[in-house]
Amino acid sequence: MPQPVLVRGTGLLGTSIGLGLRAAGAEVLLADPSPSAQAVAEDIGAGRAVDPEDASPAPGLVVVAAPPDVTADVVVDSLRRWPAALVLDIASIKGRILEQVRDAAARGVVSDDDVSRYLPTHPMAGSERSGPVAARGTLFTASPWVLCPSPDTRPEAVAAGEAVARALQATVHRMDVAAHDASVALISHLPQIVASLVAARLQGTPDASLALAGNGLRDTTRIAGSDPQLWVQILAGNAEHIVPALHGLRADVERLIATLEAPTAPGARLDVARLMAEGNAGRARIPGKHGAPPQAFALVTVIVDDTPGQLAALFEEIGRAGVNVEDMRLDHASGYRVGMVDVSVLPGRRDELVSALTDAGWKVV
Ligand SMILES: NC(=O)C1=CN([C@@H]2O[C@H](COP(=O)(O)OP(=O)(O)OC[C@H]3O[C@@H](n4cnc5c(N)ncnc54)[C@H](O)[C@@H]3O)[C@@H](O)[C@H]2O)C=CC1
Ligand SMILES: O=C(O)C(=O)Cc1ccc(O)cc1
């Protein structure tokens with residue numbers, strides 16, 4: 001990886017990249033027009049704060065982690081400022097930004113040769129939070145990282161993108177910008193819209209109703225907590241691919257409304273069942289951990305007391321049994337001081353784990 005790496009934009013993503021690259025041994029410089037974002041990123045160990053006017057030594061690689069609407073400007077500025085550096089960005093949308101960078105070349109602000117040092121990329125990891133305080137160096141572990149080279153991108157730029165993704169333990173995927181934008185419209189932007197629309201329905205809901213909320217509501221609305229400023233830019237910047245997905249969604253919603261307006265009409269229940277089954281089929285296609293094919297894990301549910309140290313003790317016991325935890329989830333039984341821990345394991349290991357835990361005195365459901 002060319003070094004030092006200059007991260008421009010030290011919010012959630014930029015600071016997480018800085019932390020992860022530092023942990024992998026890279027020299028990282030940090031720049032952000034917000035002095036507090038830059039200072040916090042430096043304080044938590046993501047790198048050394050610099051002024052891009054006189055970043056020294058000159059960066060070998062620039063990672064642009066700024067909001068989507070200024071990303072192209074920062075990419076172009078970086079290509080001009082450091083003629084030997086490779087530049088990549090990590091914004092959530094790709095086609096529009098590449099177009100803006102190419103426009104700058106068409107206007108003579110940078111040369112086509114400069115543009116060949118630029119690699120559009122997108123790590124498919126993040127959270128509904130923003131700012132450096134929420135950053136984690138392990139944010140990208142086992143998550144996809146999409147590289148979007150075009151035929152004229154220099155191989156060194158692609159290699160640098162790969163090196164960054166691998167240093168952060170992400171899995172590398174390649175796609176052109178149009179295929180990327182069409183993909184994220186469905187797998188990222190549509191879920192965000194649906195989460196926000198469902199959560200928006202709760203605004204006038206009485207507190208007594210909300211008190212009944214379980215994990216279904218929490219799961220489906222987590223990303224409704226996302227930063228509106230960022231999502232305005234993402235949705236507007238990828239509208240071309242999002243609108244057809246919304247038309248598909250509208251067709252399904254209209255079909256469901258028509259069916260439920262006459263719920264006992266012949267065929268109505270079959271239609272509802274079909275819609276639910278289509279949802280089952282779509283969900284089953286989401287790949288498992290590390291991009292592996294979808295896999296049905298076996299669930300072991302254990303009741304734990306809601307007291308300090310219980311979870312640690314449970315996982316220690318599972319470790320002693322030599323069984324790998326593929327996934328886990330904690331539910332609280334409303335009104336009781338116990339938690340229910342759902343542990344996902346390979347189906348072939350389920351019975352021995354149940355025996356080991358039961359023998360050790362755990363309450364397995
Ligand atoms: N939040 C997420 O989960 C993900 C975000 N992304 C992309 O990463 C980028 C950054 O997003 P977050 O870190 O979530 O946002 P953030 O709001 O936490 O951080 C953005 C930072 O960029 C800085 N900034 C603003 N103008 C700038 C400029 N001209 N030059 C340099 N820095 C500038 C801001 O001061 C702020 O510190 C966005 O392009 C977003 O699309 C990609 C994957 C996931
Ligand atoms: O929080 C989550 O689950 C996300 O999916 C976050 C996210 C937000 C924006 C992106 O471009 C990529 C990932």
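Start by selecting domain 2 and domain 3: their centres, taken over C-alpha atoms, are 33 Å apart. Keep in mind as you look around that this is a predicted model. To colour the whole protein by domain, use residues 5–175 for domain 1, 181–261 for domain 2 and 298–364 for domain 3.

**Stop 1: an open sheet**

Now pick out strands 9, 10, 11 and 12. These 4 strands make an open sheet with antiparallel pairing, and their order across it is 10-11-9-12. Why do strand 10 (327–332) and strand 12 (363–364) each have one side without a neighbour in the sheet? They stand at the edges, each with a single partner strand, so nothing in the sheet pairs with the other side.

Zoom in on strand 10 and strand 11 (residues 338–345), an antiparallel pair joined by 6 bridges. Label His332 and you will find Gly339 of strand 11 opposite.

Next, show helix 13 (residues 310–320), which packs on the sheet and touches strand 9 (298–305) and strand 11. The direction of helix 13 makes about 140° with that of strand 9. Then add helix 14 (residues 350–359), which also packs on the sheet, touching strands 9, 11 and 12. Here the angle with the direction of strand 9 is about 15°.

**Stop 2: a covered strand**

Move to strand 6 (residues 118–123). Are its residues buried or exposed? The strand is mostly covered, with 6 of its 6 residues buried. Turn it to see both faces: Tyr118, Pro120 and His122 lie on one side, Leu119, Thr121 and Pro123 on the other, and all are buried.

Strand 6 has a parallel partner in strand 5 (residues 86–89), with 3 bridges between them; select Asp89 and Pro120 to see one pair of bridge partners. Strand 6 also pairs with strand 7 (residues 144–147), this time in the antiparallel sense and over 3 bridges. There, His122 has Val146 as its bridge partner.

**Stop 3: the ligands**

Select ligand 1 and the 27 residues that surround it; Gly9, Gly11, Ser92, Gly126 and Ser130 are the closest. Helix 1 (12–23) and helix 3 (68–81) are the elements that give two or more residues to this shell. Helix 3 supplies the largest share, 4 residues. Colour the shell by class and you get 14 nonpolar, 11 polar and 2 charged residues.

Finish at ligand 2. Which residues surround it? They are Ser92, Met124, Gly126, Ser127, Glu128, Ser188 and Ile223. By class, this shell has 2 nonpolar, 4 polar and 1 charged residues.

Notes
Residues are numbered from 1 along each chain as its sequence is written. Chains are lettered from A and ligands numbered from 1 in the order in which they are written. This is a predicted model: local features need pLDDT of at least 70, side-chain atom pairs count only at pLDDT 80 or more; totals for chains, interfaces and linings use all residues. Domain bounds come from an automatic or database domain assignment. Two strands pair if DSSP finds at least two bridges between them. Two residues are in contact if their C-beta atoms, placed from the backbone, lie within 7 Å. Axes are lines fitted to C-alpha atoms, for helices over the stretch in contact, and angles run from 0 to 180 degrees between N-to-C directions. A residue is near a molecule or strand if its C-beta atom, placed from the backbone, lies within 6 Å of it. Ala, Val, Leu, Ile, Met, Phe, Trp, Tyr, Cys and Pro count as nonpolar, Asp, Glu, Lys and Arg as charged, and the others, Gly among them, as polar. A residue is buried if 20 or more other C-beta atoms lie within 10 Å of its own, exposed if 12 or fewer, and partly exposed in between; C-beta atoms are placed from the backbone.
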